[in-house]
Amino acid sequence: MLMDKKELRTLIAQNKKETSRAAILDLSGPILRRLAVHPRFIAARTVLLYHSLPDEVDTQDFVRYWSLRKCILLPTVKGKDIDCLLYTSPSPRDMRRSRM
């Protein structure tokens, strides 16, 4: 049986609540290592990533590490608009708006 979008979101929210921070950190490593060795990631000079929330794959260190080697863009949502910010330091206040 296929779930509709609302049911799927409810299921995902429930799974997130049941997953500990330690488990998220344990699962994040293999996911990000796999991304780091992907041929398209290796070849890319600019990469769109995201700064994770506590219940998401932990990208914080990954973003910092790769920002020294690649141009990292982070999305930011304002209303219905999505802007990309150029990641330049660990402080979100220090990010510059990209011309994307």
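Tutor: Helices are DSSP runs of H or I with at least four residues, and strands are runs of E with at least two, numbered from the N terminus. The model discussed here is predicted.

Student: What pattern does the protein follow along the sequence?

Tutor: Read from the start, the pattern is α-α-α-β-α-β-β-β. The secondary structure comes to four helices and four strands.

Student: Why is the pair of Phe-41 and Phe-62 called tilted?

Tutor: The ring centres are 5.7 Å apart, and the planes stand at 40°. Centres within 6.5 Å make a pair; planes under 30 degrees apart would be stacked and over 60 edge-to-face, so the rest are tilted. The value of 40° falls in that remainder, and the pair is therefore tilted.

Student: What makes this pair a link between separate parts of the chain?

Tutor: Phe-41 belongs to helix H3 (residues 39-43) and Phe-62 to helix H4 (residues 60-67), so the pair ties together parts 21 residues apart in sequence.

Student: How do you know whether Phe-41 and Phe-62 are buried or exposed?

Tutor: Buried means under 20% relative accessible area. Phe-41 has 5%, so Phe-41 counts as buried. Phe-62 has 9%, so Phe-62 is buried too.

Student: Why is the pair of Phe-41 and Trp-66 called edge-to-face?

Tutor: The ring centres lie 5.0 Å apart and the planes are at 85°, so the pair is edge-to-face; the angle required is over 60 degrees. This pair also links distant parts of the chain, with Phe-41 in helix H3 and Trp-66 in helix H4, 25 residues apart. Both Phe-41 and Trp-66 are buried.

Student: Which residues do the ring pairs join into a cluster?

Tutor: The cluster consists of Phe-41, Phe-62, Tyr-65 and Trp-66. The structure holds four aromatic pairs.

Student: What makes Arg-69 and Lys-70 count as charges over a ring?

Tutor: The distance part of the rule asks for NZ of Lys or CZ of Arg within 6 Å of the ring centre, and the direction must be within 35 degrees of the ring normal. The charged end of Arg-69 sits over the ring of Tyr-65, 3.7 Å from its centre. Lys-70 lies over the face of Phe-41, 5.0 Å from the ring centre.

Student: How do you know how many disulfides there are?

Tutor: A disulfide needs two cysteine sulfur atoms within 2.5 Å. For Cys-71, the nearest cysteine sulfur is that of Cys-84, 9.9 Å away, and Cys-71 is in no disulfide. Cys-84 is likewise in no disulfide, its nearest cysteine sulfur being that of Cys-71. The count comes to zero.

Student: Are these two cysteines buried or exposed, and what makes them so?

Tutor: The class between 20% and 50% is partly exposed. Cys-71, at 29%, therefore counts as partly exposed. Cys-84, at 17%, counts as buried because the value is under 20%.

Student: Which residues make up the nonpolar patch on the surface?

Tutor: Met-3, Leu-8, Leu-11 and Ile-12 form the patch, with about 330 Å² of accessible area together. Met-3 lies in the segment before helix H1 (5-18). A patch residue needs over 30% relative accessible area. Met-3 has 43%, and so is partly exposed.

Student: Where does Thr-19 lie, and why is Thr-19 placed in its accessibility class?

Tutor: Thr-19 is in the loop between H1 and helix H2 (21-36). Its relative accessibility is 32%, so Thr-19 counts as partly exposed. The C-alpha atoms of Thr-19 and Glu-56 are separated by 10.0 Å, at 37 residues apart along the chain.

Notes: Residues numbered from 1 in each chain as written. Predicted model: local features only at pLDDT ≥ 70, side-chain atom pairs only at ≥ 80, totals over all residues. Heavy atoms only, no water. Phe/Tyr/Trp six-rings, centres within 6.5 Å; stacked < 30°, edge-to-face > 60°. Buried < 20%, exposed > 50% of the residue type's maximum accessible area, 1.4 Å probe, protein only. Patch = residues over 30% accessible without salt bridge, like charges linked within 9 Å, V, L, I, M, F, W, Y side chains within 5 Å. Areas by Shrake-Rupley, 256 points an atom, 1.4 Å probe, with all protein chains shown as cover. Salt bridge = Lys/Arg side-chain N within 4 Å of Asp/Glu carboxyl O.
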